Amino acid sequence: NRLKLHLAQSCELRDASCPFRFMGCPAVVLAKDCPAHLADGAGGHLLLVAAHMEEYGEQIKDMQQRMSRLEFENSKLKHDIMQRDADRKREVDTLRNELKKAQKEASTAHREAGKLNKSVRQLERSHVK
């Protein structure tokens, strides 16, 4: 167990990937040679970092453009929703007013129908006699 730990973590003769592997350095050296690799390859590593920084800059620029477009679209959608909400509110208010008017007319018609019904019954009674 201690041997496995030594071989995996502290052995100077184990293979070690370059710390700049995520930037593209493919080197695998003995752990004891890593400081020399870093010193000898500083210029190359710097070029790898610079290339990635340029790539990241382009990605950031693209994301900023996408974000600007999305913010614009979001703003437009919010405006459209608010406009539609206002339109629906006006439609609901209009329908509510029309309903009130129709209810009043129905109530008036109901009263008039009652009066007519009463008159018809009186006429019927008077003709029956």
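User: How far apart are the mean positions of the positive and negative charges of the protein chain?
Analyst: In this predicted model, the comparison rests on 24 positive and 19 negative charges in the protein chain. Taking the mean position of each set, the separation comes to 17 Å.

User: How many salt bridges does the count come to?
Analyst: In general, side chains of opposite charge can pair when their charged atoms come close. The cut-off applied here asks for a side-chain nitrogen of Lys or Arg within 4 Å of a carboxyl oxygen of Asp or Glu. By this rule the total for the model is seven.

User: Which residue forms a salt bridge with Asp-80, and how many residues apart in helix H3 are the two?
Analyst: The closest N and O atoms of this pair lie 3.3 Å apart, and the partner of Asp-80 counts as partly exposed at 46% relative accessibility. Asp-80 is itself partly exposed, with a relative accessible area of 23%. Because the two residues are four apart in helix H3, which covers residues 42-128, about one helical turn separates them. The partner is therefore four residues away in helix H3, and its name is Lys-76.

User: Is Lys-115, the salt-bridge partner of Glu-112, buried or exposed?
Analyst: Glu-112 and Lys-115 have their closest N and O atoms 3.7 Å apart, and they are separated by about one helical turn because they sit three residues apart in helix H3. Glu-112 counts as partly exposed at 39% relative accessibility. For Lys-115 the relative accessibility is 52%, and since the exposed class begins over 50%, Lys-115 counts as exposed.

User: Which residues do salt bridges that share partners join into one network?
Analyst: Shared partners link these salt bridges. The network formed in this way consists of Lys-89, Asp-93 and Arg-96.

User: What is the distance between the closest N and O atoms in the salt bridge of Lys-32 with Asp-33?
Analyst: Lys-32 counts as partly exposed at 42% relative accessibility, and Asp-33 likewise counts as partly exposed, at 31%. The salt bridge joins these two residues, and the distance between their closest N and O atoms is 3.3 Å.

User: Where is Phe-20 found, and which residues does Phe-20 touch beyond four places away in sequence?
Analyst: Phe-20 is placed in the loop between strand S1, residues 15-17, and strand S2, residues 28-30. With a relative accessible area of 26%, Phe-20 is partly exposed. Across a sequence separation of 28 residues, the C-alpha atoms of Phe-20 and Leu-48 are 8.3 Å apart. Leaving out residues up to four places away in sequence, the residues that Phe-20 touches are Cys-25, Leu-38, His-45 and Val-49.

User: Which pattern does the protein chain follow when read along the sequence?
Analyst: The secondary structure of the protein chain comes to three helices and two strands. Read in sequence order, these elements give the pattern α-β-β-α-α.

User: What radius of gyration does the protein chain have?
Analyst: The C-alpha trace spans about 130 × 45 × 15 Å along its principal axes, and 10% of the 129 residues count as buried. A compact globule of 129 residues would have a radius of gyration near 14 Å, whereas the protein chain has 43 Å.

User: What share of the exposed area of the protein chain do carbon and sulfur atoms supply?
Analyst: The protein chain exposes about 11,300 Å². Of this area, the share supplied by carbon and sulfur atoms is 59%.

Methods. Residues numbered from 1 in each chain as written. Predicted model: local features only at pLDDT ≥ 70, side-chain atom pairs only at ≥ 80, totals over all residues. Heavy atoms only, no water. Rg over C-alpha atoms; globule rule 2.2 N^0.38 Å. Buried < 20%, exposed > 50% of the residue type's maximum accessible area, 1.4 Å probe, protein only. Areas by Shrake-Rupley, 256 points an atom, 1.4 Å probe, with all protein chains shown as cover. Lys, Arg positive; Asp, Glu negative; His and termini not counted. Charge placed at Lys NZ, Arg CZ, Asp CG, Glu CD. Contact = heavy atoms within 4.5 Å.
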